[in-house]
Amino acid sequence: MSKLYFSYAAMNAGKSTVLLQASYNYQERGMHTLLFTSSLYAKTEEGRITSRIGINADALLYGESDDLYAWINREHRRKKINCVFVDEAQFLTKDQVWQLARVADRLDLPVLCYGLRTDFRGQLFTGAAELLAIADNLREIRTICHCGRKATMVVRQTADGKTLTTGDQVGIEKSMYVSLCRMHWEEETNRWPVSSTKAAKPAPARATRKKPAAKKKAPVRATPQRRARR
Ligand SMILES: [Zn+2]
C-alpha cells in the first residue's frame, strides 16, 4: 500500500528543491514521475516547478476543478507512473486531497505533496488543513527566521517592505512573502504587544528586554544571548 505524504514549511524553505531532488532520484533509477503544480502562479499554460537554487522541471498545472484521481489514472494507463509529486499543495481543494489519497490507496502510487501550512494571517490553507488531517506521513521542512529560530509563519509585504495583515489568501507574487518565527510574526503583524484596551496585564520582562533585538531585517544569526532563549 502506498502512502500520501505532506511536506510542509514556511516560505523559502526549499520545498520545490526537495521535491525536484526526490523526483530526480526516481528518474535516475529509470522510473517515471508525474509532477503537478498549481495554476495560480503560472505565467503561461505550461507548468514548471522552479527552485531558488536554479533547478527546475516541467509540471502539469492543476486548477481547482480538476479531478486529480481521474487525471493521474489516465496518465498511469498511458505510461506507468512510479510516483506523483504535487507542489503548492496548499492550494488543493479538500476533494482533491481525497482524490490524491485514492491515488495512494487504489492505484498504489506514492503521492508526495509539498506546500505551505498557513497563510500570512496565520490561518491554515484549505489544502494544508486537509493534508494535515488525512496524510499518512507529515514532514516539516525547516527554514529560519532572521533571529535564528525556526520560521513557521509567513508575512506578506508590499514592494517597499510594509507588512500586510489583510487581503486575499492568495498573493499575486511569491516573492512578497517573508518567513518568521511565531514570536516575530506576532510582532510584525501588530498582535504584540497586546494593546492595553485588550489586556491590562503588564508585559512580561522578556518583551522589554527584547526591544533592541526587535529591529527586523538585521541579517544576524543567533547571538549567544538569543540562542539561550530559544
Ligand atoms: Zn524570529
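Biologist: Welcome me to this structure gently: which residues of H1 are buried?

Modeller: In this predicted model, the buried residues of H1 are Lys15, Ser16, Leu19, Leu20 and Ser23. The word "buried" applies when 20 or more other C-beta atoms lie within 10 Å of a residue's own.

Biologist: What puts them on the same side of H1?

Modeller: The arc they cover around the axis is only 125°, which places them on the same side of H1. Turned away from that buried side is a face with the exposed residues Gln21, Asn25 and Glu28.

Biologist: And what do the buried residues of H1 pack against?

Modeller: Their partners are strands, among them S1 (4–9), S2 (33–38) and S6 (111–116).

Biologist: How do you know what span to expect of H3, and what do its end C-alpha atoms show?

Modeller: H3 covers residues 94–106, and at 1.5 Å a residue its 13 residues should span 18 Å. The end C-alpha atoms are 18 Å apart, so the model agrees with the expected span. H1 (residues 15–28) passes a similar check: its 14 residues reach 20 Å from first C-alpha to last, close to the 20 Å expected.

Biologist: On how wide an arc do the buried residues of H3 fall?

Modeller: Gln96, Val97, Gln99, Leu100, Val103 and Ala104 are buried in H3. Seen down the axis, the buried residues of H3 fall within an arc of 155°, so they line one face of the helix. They pack against S1, S5, S6 and two helices, H2 (68–78) and H4 (126–134).

Biologist: What makes you call S6 largely enclosed by the rest of the structure?

Modeller: Six of the six residues of S6 are buried, and therefore S6 is largely enclosed. S6 also has strand partners: S1 pairs with S6 in the parallel sense over six bridges, and S5 pairs with S6, again in the parallel sense, over three bridges. Facing residues include Phe6 with Cys113, and Phe85 with Leu112.

Biologist: Where does Cys113 stand in the largest nonpolar core?

Modeller: That core has 51 residues, and Cys113 is one of those with the most contacts inside it, along with Val84, Val86, Leu100 and Val111. Leaving out residues up to four places away in sequence, Cys113 touches Tyr5, Phe6, Val86, Ala89, Leu100 and Leu131.

Biologist: Why is Leu40 called partly exposed?

Modeller: Leu40 has 15 other C-beta atoms within 10 Å. "Buried" needs 20 or more and "exposed" needs 12 or fewer, so a count in between is called partly exposed. Leu40 sits in the loop between S2 and S3, and beyond its neighbours within four places in sequence, Leu40 is in contact with Glu88, Phe91 and Val170.

Biologist: What makes S9 and S10 edge strands?

Modeller: S9 (163–164) and S10 (177–180) each have a single partner strand, so one side of each is left without a neighbour in the sheet. The order of this open sheet of three strands is S9-S8-S10, with antiparallel pairing. Four bridges join S8 (residues 153–157) to S10, and Val154 stands opposite Ser179 in S10.

Biologist: How confident is the prediction for the protein chain?

Modeller: The average pLDDT is 87, and 83% of the residues score at least 70. Over residues 222–230, however, the pLDDT is below 50, and that stretch has eight contacts in the model beyond near neighbours in sequence. Where pLDDT is low, the predicted coordinates should not be read in detail.

Definitions and conventions
Residues are numbered from 1 along each chain as its sequence is written. This is a predicted model: local features need pLDDT of at least 70, side-chain atom pairs count only at pLDDT 80 or more; totals for chains, interfaces and linings use all residues. pLDDT is the predictor's confidence in each residue, from 0 to 100. Two residues are in contact if their C-beta atoms, placed from the backbone, lie within 7 Å. Two strands pair if DSSP finds at least two bridges between them. The expected span of a helix is 1.5 Å times one less than its number of residues. The arc is that of the directions from the helix axis to the C-beta atoms. A nonpolar core is a set of buried Ala, Val, Leu, Ile, Met, Phe, Trp, Tyr and Cys residues joined through C-beta atoms within 7 Å.
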